[in-house]
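Reader: I am new to this structure and would like to see how its descriptions are justified. Please set each term against its definition as we go.

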Amino acid sequence: FSSKITNLSDKELSGGAKIFFYDALTSKLISDKLIIGKETIPFEVKKGKSTSVNWQIIIPEGYSAITYKVIAKAGNFTDGEEVAIPVLTNRMLVTESMPLPIRGNQTKLFQFSKLINNKSTTLRHHKLTLEFTSNPAWYAIQALPYLMEYPYECAEQVFSRFYANSIASHIANSNPKIKNVFESWKKSSPEAFLSNLEKNQELKSLILEETPWVLNSQNESERKKRVGLLFDLNRMGNELGRAMKKLQQLQVSNGGWTWFKGMPESRYMTQHIVTGMGHLDHLGVKNIRGDYKTWSMVQKAVRYLDNRIREDYNWLKKHDADMEKDHLNSEVIQYLYARSYFLKDVEISSQNKEAYAYYHGQAKKYWLVKSRYMQGMISLALHRDGLPKTGIQVEHKIIASLKENAINHEELGMYWKDNNGGYYWYQAPIETQALLIEAFDEVAGDKKSVEAMKVWLLKQKQTQDWRTTKATTEACYALLLRGTDLLASDDLVEIKVGNRIIDPKKMDDVKVEAGTGYFK
């Protein structure tokens with residue numbers, strides 16, 4: 001480790017340079033764990049010149065960020081610098097998970113064979129987590145910190161922060177009992193990471209990007225505190241305001257949103273954000289319509305999408321396309337779905353009505369040859385079209401077809417065999433399942449299927465999220481569709497890890513006997 005010393009005086013100087021190392025999370029002095037040899041190095045430097053001093057150091061494991069302080073002293077002259085730097089490892093976090101399917105009044109014994117039989121010589125265990133809830137809505141709440149803290153600044157991530165803070169503010173104000181839970185969690189234990197590194201956003205973002213497990217809670221009480229801190233009303237208000245301002249900056253004059261500032265607008269991104277705003281509105285989040293700036297952004301974006309669909313329609317007519325053929329692509333279907341949230345209060349202008357009607361008719365005619373994801377979007381768009389309903393509607397035929405092709409499994413719940421994912425956005429399995437949950441809930445009112453589909457969705461969750469911010473926002477929406485009343489439930493369940501009975505009211509680190517890996 002080297003440091004440069006520059007002599008700005010008018011004479012030659014000699015003295016000593018001393019280095020200190022601290023754990024950036026706790027501010028604890030750890031010099032003895034890093035420095036090989038002496039802490040103070042002598043130096044001589046001529047007037048107007050520079051020299052360097054060097055220390056031999058080793059970097060021990062277990063530190064995610066270290067602060068160094070170098071002080072050089074020569075006679076009456078003293079100077080120094082102090083900087084916090086991240087410690088990046090070449091190790092990779094691997095999460096092994098095991099589902100614990102239990103339904104009704106059952107007792108089951110589970111053996112985590114991957115934990116017992118692992119023969120790796122370089123493996124270092126990070127943590128063992130047992131998750132259980134009788135109320136899936138809490139999984140959505142626990143995933144919100146992931147959305148709030150994601151470090152990038154593209155439109156999708158900015159909207160994810162806006163989305164998460166809007167939901168959190170709504171939930172925290174929806175029920176006094178829920179608010180009290182968050183308050184108790186916030187006071188549960190000290191949180192070194194948030195208190196120290198929160199001040200250094202650049203360093204925090206780098207650590208999160210390179211070592212994503214740093215923010216994973218070390219125990220249940222810290223995890224609860226982290227959620228409680230994020231649900232602080234003042235903090236959420238500030239975060240919401242910042243995300244709102246960035247969204248405004250990313251929306252161009254014609255109403256479309258760009259991926260990054262300065263880029264041309266993206267139709268896909270605009271439809272994604274309009275859909276997300278529709279989700280928040282559907283969940284009853286008041287600031288979508290109540291806040292003038294937010295509602296103005298939504299209206300501009302919806303009209304932008306109406307104009308783009310008219311351009312698609314005019315292009316077909318201009319090139320003498322066979323208008324009876326299938327011209328229904330995924331972008332148009334996404335538009336119909338996004339538009340369905342605001343059909344009642346953002347009127348389609350007269351110049352755009354013909355185009356909307358044409359693609360609406362195409363959706364009714366060609367739904368059968370579309371993917372599950374697209375079929376779900378079409379069913380919801382048709383269900384919300386405001387037209388008189390007589391006889392068996394197309395949207396109900398779609399739901400019946402989907403149900404007929406679904407697989408029902410005791411452990412995995414209800415899912416579709418061909419929902420395995422792909423390269424394109426409309427092949428995403430988590431988003432597909434979340435969308436179909438919404439369709440079965442709203443179009444068919446099929447509560448039994450909805451609960452079975454949630455089982456599959458929860459099976460896909462790894463630790464704190466569903467792998468991407470987009471998937472996590474969609475999954476949170478699907479799990480919260482039933483409203484916030486579910487979160488107020490006091491029902492508890494008896495859980496044993498090894499021979500220890502876990503009290504959900506006093507949840508903390510649970511030690512499992514080494515080498516057993518048994519859950520009951």
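Author: A polar contact is a pair of N or O atoms within 3.5 Å, and within protein one must be able to donate a hydrogen and the other to accept it. The model to which this is applied is a predicted one.

Reader: What makes the pair formed by glutamine 362 and lysine 325 a polar contact?

Author: A polar atom of the glutamine 362 side chain lies 2.8 Å from the backbone oxygen of lysine 325. The cut-off is 3.5 Å, so the pair meets the distance condition for a polar contact.

Reader: Where is glutamine 362, and why is it called buried?

Author: Glutamine 362 is part of helix H14, which covers residues 350–366. Its relative accessibility is 4%. Buried means under 20%, so glutamine 362 counts as buried.

Reader: Which residues does glutamine 362 touch, leaving aside its neighbours within four places in sequence?

Author: With those neighbours left aside, glutamine 362 is in contact with Met323, Glu324, Lys325, Asp326, His327 and Leu328. Contact here requires heavy atoms within 4.5 Å.

Reader: Is tyrosine 356 buried or exposed, and how do you know?

Author: Tyrosine 356 is also found in helix H14. Its relative accessible area is 13%. That value falls under the 20% limit, so tyrosine 356 is buried. Leaving aside neighbours within four places in sequence, its contacts are Tyr335, Leu336, Arg339, Leu343, Ile348 and Asp385. The C-alpha atoms of tyrosine 356 and isoleucine 309 are separated by 7.2 Å, and the two residues are 47 residues apart along the chain.

Reader: Why is aspartate 320 called exposed, and serine 27 partly exposed?

Author: Aspartate 320 has a relative accessible area of 69%. Exposed means over 50%, so the word applies to aspartate 320. Serine 27 has 49% relative accessibility. This value lies between the 20% and 50% limits, so serine 27 is partly exposed.

Reader: Where do these two residues lie, and what is noted about their phi angles?

Author: Aspartate 320 lies in the loop between helix H12 (292–318) and helix H13 (330–340). Its phi is positive, about 55 degrees, although aspartate 320 is not a glycine. Serine 27 is in the loop between S2 and helix H1 (31–34). Serine 27 is not a glycine either, and its phi is positive at about 65 degrees.

Reader: How do you know that S2 and S7 are paired strands?

Author: Two strands pair if there are at least two bridges between them. Strand S2 (residues 13–23) and strand S7 (residues 65–74) are joined by eight bridges, so they meet that condition, and they run antiparallel. Among the bridge partners, lysine 18 is matched with isoleucine 71 in S7, and glycine 16 with lysine 73 in S7.

Reader: What pairs S7 with S8?

Author: S7 and S8 have 10 bridges in the antiparallel sense. The requirement is at least two, so S7 and S8 count as paired. The bridge partners in S8 include glutamate 81 for valine 70 and isoleucine 85 for isoleucine 66. Two residues lie between the strands of this hairpin, and glycine 75 there takes a positive phi near 65 degrees.

Reader: Why are S4 and S8 called edge strands?

Author: The open sheet has four strands in the order S4-S2-S7-S8, with antiparallel pairing. Strand S4 (40–45) and strand S8 (77–86) each have a single partner strand, so one side of each is left without a neighbour in the sheet. From one strand to the next, the twist averages 20 degrees.

Reader: Why is S7 described as largely enclosed?

Author: Seven of the 10 residues of S7 are buried, so the rest of the structure largely encloses this strand.

Reader: What is the largest nonpolar core, and what lies apart from it?

Author: The largest nonpolar core has 99 residues, of which Leu144, Phe162, Leu247, Trp257, Met277 and Phe342 touch the most other members. Another core, of 18 residues, lies apart from it and includes Ala17, Trp55, Val70 and Ala72.

Reader: How many residues, helices and strands does the chain have, and what share is buried?

Author: The protein chain has 520 residues, and 47% of them are buried. Its secondary structure comes to 19 helices and 16 strands.

Technical notes
Residues numbered from 1 in each chain as written. Predicted model: local features only at pLDDT ≥ 70, side-chain atom pairs only at ≥ 80, totals over all residues. Heavy atoms only, no water. Buried < 20%, exposed > 50% of the residue type's maximum accessible area, 1.4 Å probe, protein only. Axes fitted to C-alpha atoms, helices over the stretch in contact; angles between N-to-C directions. Core = buried A, V, L, I, M, F, W, Y, C linked by side-chain atoms within 4.5 Å.
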